[in-house]
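Me: I am new to this structure and would like a close look at a single part of it. Please take me through the surface where protein and DNA meet, and then through what lies behind that surface.

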2 protein chains.
Amino acid sequence: MNELDQRIVHALAEDARRSYADIGAEVGLSAPAVKRRVDRLRAEGAITGFTVRVDPAALGWETEGFIELFCRRNTSPDSIHRGLSRYPEVASASTVTGEADAIVQVFASDMRHFERVLERIAGEPFVERTKSVLVLSPLLRRFSSGSPG
Amino acid sequence: MNELDQRIVHALAEDARRSYADIGAEVGLSAPAVKRRVDRLRAEGAITGFTVRVDPAALGWETEGFIELFCRRNTSPDSIHRGLSRYPEVASASTVTGEADAIVQVFASDMRHFERVLERIAGEPFVERTKSVLVLSPLLRRFSSGSPG
DNA sequence: GATGAAACTCCATAATT
DNA sequence: AATTATGGAGTTTCATC
């Protein structure tokens with residue numbers, strides 16, 4: 001991935017529906033040349049897809065928070081993944097170093113909804129206890145990664 | 001935002017470069033009808049843009065972590081935002097309830113890079129101390145939100 | 001190897017019904 | 001909201017460097 005590829009990815013990060021001709025004019029390539037590079041980046045896995053950026057608040061998901069998970073001994077990352085993927089409210093989850101075993105980002109419609117999700121997650125068999133914080137202001141959200149699943 | 005809008009957003013979330021005709025065929029609308037709804041959702045702020053989904057690892061951003069920020073008294077969310085937006089490594093940042101004042105998500109090329117970023121952020125005038133964890137496995141990443149800034 | 005030009009197909013978009 | 005019409009975009013082909 002060279003500098004030209006990076007500029008193309010950067011352009012797509014700002015507006016994924018921009019035309020290849022438009023991007024080409026910016027980086028100094030023809031439309032087919034841009035498309036070929038995008039196709040290659042997709043094939044290589046550097047680009048995993050294109051998605052829409054939504055405003056959670058505008059969709060009625062006004063309450064956001066992070067839940068730290070303290071799991072039972074011998075809980076595999078895979079079982080955490082399987083347990084959490086059933087919740088549509090879970091936006092992201094990662095196993096982490098430190099005291100907690102995982103950090104889970106949750107979007108809920110309101111506080112009651114958040115509390116309900118928190119209680120259900122805390123009640124999962126692999127979860128021993130949780131510690132959660134609420135987001136006050138989302139200051140910055142820059143890019144998207146990973147798969148849609 | 002009714003059920004039809006949600007299905008359109010869902011389709012765009014999976015592939016933001018799909019044609020309106022294609023999406024229309026799925027939800028039972030003509031291409032112009034889909035476009036009108038997308039335009040309206042953008043005007044209303046429910047859709048804030050379209051972006052590319054990248055694989056951080058494929059781009060060489062192999063190291064991910066969360067940094068909790070404990071700020072000086074009277075630090076405004078806006079000054080945190082201004083301070084952090086200069087770091088390309090910062091993917092997201094939010095002010096939160098609890099002991100810490102903000103949670104910052106950082107992508108770095110490797111551990112040395114992460115450490116360098118951490119030290120620079122910890123050295124920001126509004127930062128009193130930090131507490132950080134490293135991501136072991138990203139289990140789930142579901143959707144994108146907010147503005148590119 | 002990667003590129004640009006051309007050709008062809010399909011899409012986006014505006015106007016009309 | 002569907003249909004129609006048109007300018008523009010996506011995509012393939014091919015010649016070129």
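What follows goes through the surface near each DNA strand and then turns to the contact between the protein chains.

Reply: Please keep in mind throughout that this is a predicted model, and that the distances and counts below are computed from it.

Let us begin with DNA strand C. There are 13 residues around this strand, and those that come nearest are Arg17(A), Ser30(A), Arg36(A), Arg37(A) and Tyr20(B). Of the atoms of DNA strand C that come within 4 Å of the protein, 64% belong to sugar and phosphate. Several polar contacts can be followed atom by atom. The side chain of Ser30(A) has an N or O atom 2.8 Å from a phosphate oxygen of DNA strand C, while Tyr20(B) places a polar backbone atom 3.0 Å from a phosphate oxygen of that strand. Lys35(B) also takes part, with a polar side-chain atom 3.4 Å from a phosphate oxygen of DNA strand C. Looking at elements instead of single residues, two or more residues of the surface near DNA strand C are given by helix 3 (31–44) of chain A, and likewise by helix 2 (20–27) and helix 3 (31–44) of chain B. Helix 3 of chain A gives the most, with four residues. Sorted by class, the surface near DNA strand C holds six nonpolar, three polar and four charged residues.

Now to DNA strand D. Chain A is represented around this strand by Ser19(A), Tyr20(A), Pro32(A) and Lys35(A), and among the residues from chain B are Arg17(B), Ser30(B), Arg36(B) and Arg37(B). Sugar and phosphate make up 67% of the atoms of DNA strand D that come within 4 Å of the protein. Three side chains of chain B can be picked out here. Arg17(B) has a polar side-chain atom 2.9 Å from a phosphate oxygen of DNA strand D, the side chain of Ser30(B) brings an N or O atom to 2.7 Å from a phosphate oxygen of the strand, and for an N or O atom in the side chain of Arg37(B) the distance to a phosphate oxygen of DNA strand D is 2.7 Å. Helix 3 of chain A and helix 3 of chain B each supply at least two residues of this surface, and the largest share, four residues, comes from helix 3 of chain B. By class, the surface near DNA strand D divides into five nonpolar, three polar and four charged residues.

Arg37(A), one of the residues that come nearest to DNA strand C, also has a partner within the protein. Asp5(A) forms a salt bridge with Arg37(A), in which the closest N and O atoms are 2.9 Å apart. Asp5(A) lies in helix 1 (residues 3–14) of chain A and Arg37(A) in helix 3 of chain A, so this pair ties together parts that are 32 residues apart in sequence.

Behind these surfaces stands the relation between the two chains. A turn of 180 degrees, with a shift of 0.2 Å along the axis, lays chain B on chain A with an RMSD of 0.4 Å, which is the relation of a two-fold axis. The same surface serves both copies, and 100% of the contact residues of chain B recur in chain A. In this contact, 62 residues of chain B meet 62 residues of chain A. The area buried between the chains is about 6100 Å², of which carbon and sulfur atoms give 57%. Arg17(B), Arg53(B) and Arg142(B) are the residues of chain B that lose the most area to chain A, together 15% of what that side buries. Arg17(B) therefore appears in two places in this account, since a polar side-chain atom of Arg17(B) also lies 2.9 Å from a phosphate oxygen of DNA strand D.Across the interface there are two salt bridges, and in one of them the side chains of Glu99(B) and Lys131(A) meet at 3.9 Å, N to O. The count of residue pairs in polar contact between chain B and chain A is 36. Among the elements that give two or more residues to the side of chain B that touches chain A are helix 1 (3–14), helix 4 (77–84) and strand 5 (127–141) of chain B, and strand 5 of chain B provides the largest share, 10 residues. That side of chain B has 35 nonpolar, 16 polar and 11 charged residues.

Methods: Residues numbered from 1 in each chain as written. Chains lettered and ligands numbered in written order. Predicted model: local features only at pLDDT ≥ 70, side-chain atom pairs only at ≥ 80, totals over all residues. Heavy atoms only, no water. Near = heavy atom within 4 Å. Polar contact = N/O pair within 3.5 Å; in protein donor to acceptor, adjacent residues only side chain to side chain. Nonpolar A, V, L, I, M, F, W, Y, C, P; charged D, E, K, R; others polar. Least-squares fit on C-alpha atoms with pLDDT ≥ 70 in both. Contact = heavy atoms within 4.5 Å. Buried area = accessible area lost by both parts, 1.4 Å probe. Salt bridge = Lys/Arg side-chain N within 4 Å of Asp/Glu carboxyl O.
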